Amino acid sequence: MSNSNQRPLNVGLVGGSSGFIAKAHQRAIFMDGTRRVTAGALSSNSEKAMASASEWPYPIVGYESFDAMLEGELEKSAGERIDYVLILTPNHAHFEPARKFIEAGIPVFCEKPLTLSLQESETLSAIVKEKEIPFCVAHTYLGHWTTRLARHVVQSGLLGDIRWVDVSYLQSWMAVRSRNPDFAKTAWRLDPAKSGPSNCGGDIGTHALMQLRYITGLEVKALSAHLESLVKIEGFEADQLDDHFTAYCQLDNGGRALVRATQIAIGHKNDLRIEVNGALGSLKWAQEESEKLVINLIDQPERIHWRGGIHANDGFFQNLPEELMDEPTTPWGHAEGFHDAFARLHRCFESDVRAYQSGTYNGTDGSKYATVDDGVTGLRFIEKAVESNRNGHAWVEL
Ligand SMILES: NC(=O)c1ccc[n+]([C@@H]2O[C@H](COP(=O)([O-])OP(=O)(O)OC[C@H]3O[C@@H](n4cnc5c(N)ncnc54)[C@H](O)[C@@H]3O)[C@@H](O)[C@H]2O)c1
């Protein structure tokens with residue numbers, strides 16, 4: 001972690017002029033005072049990019065394109081130039097900037113899904129390994145303190161062998177927003193050329209998959225999937241991507257999982273939830289109530305554990321990792337949420353970027369944030385789900 005003798009890290013943005021996600025990242029970047037946004041190529045439209053940069057809440061260097069940003073920043077001395085780049089563009093515009101910045105030796109924090117295709121993701125992964133450079137995929141929900149606690153609970157064996165995982169991400173925006181006149185702004189998500197082989201599976205199914213893999217440490221070995229378009233949009237017809245995604249999965253320990261995502265469930269907002277069932281007990285976590293973790297052990301009353309109320313010596317949780325207990329959090333009752341989760345990812349990434357700059361970076365084990373290989377796994381999952389759907393929902397191995 002950083003200390004007061006260290007200058008704040010400089011972050012450059014690619015994209016971000018229109019999406020809410022840029023504002024969420026901006027707050028998370030600033031949260032510790034050890035990182036700040038200093039540059040941006042904020043739009044694919046060069047005029048808009050410059051105008052948006054000039055409207056940024058504090059002075060940043062605006063660039064007309066990410067190529068111009070790379071060139072301009074490389075001309076600066078270390079310490080002045082950006083220390084890492086954050087890619088916030090639609091999915092089809094992740095690969096090129098990510099590749100170019102990594103090749104130039106600048107660490108990359110990239111929105112999900114990692115790329116448009118598995119092949120692109122594998123290419124990025126190979127370059128990241130060759131360059132031995134930090135790379136993060138923005139799977140936001142790994143940053144919740146309670147997600148990290150859930151990972152410890154499951155992987156410490158408290159629930160016994162995992163038999164069944166039910167993970168779902170339910171939203172309503174396709175049903176709700178498709179009726180609004182500004183829907184065109186969002187419509188890129190339904191277009192395979194901009195979104196990839198799946199809209200709903202790629203956009204939020206990959207979050208659900210990542211939550212499953214991160215908490216349980218298990219991998220999907222085979223799947224049988226359904227990808228459906230339940231809200232029909234005029235002008236898309238045959239090409240319209242899915243808004244409803246269901247994959248029944250075999251896990252590599254012999255267990256089973258259901259990975260579901262939908263964008264048509266009116267009443268659901270960002271309803272990501274997971275239930276992990278083991279031989280000795282179960283655990284439930286939901287992002288809209290992310291201050292708590294619910295644990296049921298056989299023949300014991302249900303336990304609701306609140307972030308902030310968990311102590312290393314409370315006799316229930318065994319061997320709570322020091323680094324988890326040392327994480328900066330607010331006292332319980334002062335709720336943490338989405339921005340805190342993002343900030344935790346940026347904080348961990350900052351630490352790796354500083355190590356990289358001082359020559360002590362040894363790679364990441366995926367315990368702090370999603371890695372480039374997690375991004376590859378997400379794309380493989382999606383491509384195999386599409387294959388299964390195309391072949392009558394047949395079982396497909398990953
Ligand atoms: N982690 C999360 O929780 C989360 C949430 C929402 C969106 N996302 C991801 O963020 C990404 C962006 O989604 P969005 O909804 O904000 O999209 P958006 O369409 O609202 O915004 C994308 C921005 O990228 C800009 N852009 C496009 N091409 C560019 C280029 N070549 N150079 C510079 N800027 C360019 C656009 O001008 C726009 O400002 C997607 O990959 C999406 O999956 C992640």
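The largest pocket of this predicted model holds about 1,400 Å³ of space. Its lining is formed by 48 residues, and those closest to the centre of the pocket are Gly 19, Ile 21, Leu 88, Trp 188 and Arg 189. By class, this lining comprises 17 nonpolar, 20 polar and 11 charged residues.

Several helices take part in the lining. At least two residues each are supplied by α1 (20-30), α7 (173-177), α9 and α11 (338-357). The largest share, 3 residues, comes from α9.

Helix α9 also packs against another helix. Two packed helices are described by the angle between their axes and the distance between the axes. Helix α9, residues 200-216, meets helix α12, residues 372-390, at an angle of about 120°, and their axes lie 10 Å apart. Because angles of 65 to 115 degrees count as roughly perpendicular and those over 145 as roughly antiparallel, α9 is oblique to α12. The crossing of the two helices is right-handed.

On the α9 side, the contact is made by Gly 201, Gly 202, Thr 206, Leu 209, Met 210 and Arg 213; α12 contributes Asp 374, Thr 377, Gly 378, Phe 381 and Ile 382. This contact has 4 nonpolar, 5 polar and 2 charged residues.

The table sets out the residue classes of the pocket lining and of the helix contact.

| Region | Nonpolar | Polar | Charged |
|---|---|---|---|
| Lining of the largest pocket | 17 residues | 20 residues | 11 residues |
| Contact of α9 with α12 | 4 residues | 5 residues | 2 residues |

Helix α9 thus appears in both parts of this report: in the lining of the largest pocket and in the packing with α12.

Terms used
Residues numbered from 1 in each chain as written. Predicted model: local features only at pLDDT ≥ 70, side-chain atom pairs only at ≥ 80, totals over all residues. Heavy atoms only, no water. Axes fitted to C-alpha atoms, helices over the stretch in contact; angles between N-to-C directions. Helix = DSSP H or I, 4+ residues; strand = E, 2+ residues; numbered from the N terminus. Parallel < 35°, antiparallel > 145°, perpendicular 65-115°, else oblique. Left-handed = near helix turned anticlockwise from the far one by under 90°. Contact = heavy atoms within 4.5 Å. Nonpolar A, V, L, I, M, F, W, Y, C, P; charged D, E, K, R; others polar. 1 Å grid on protein atoms, 1.4 Å probe; cavity = no way out; pocket = protein on both sides within 12 Å on 5 of 7 lines; lining within 4 Å. Points joined across faces, edges and corners; volume = space filled by probe spheres on them.
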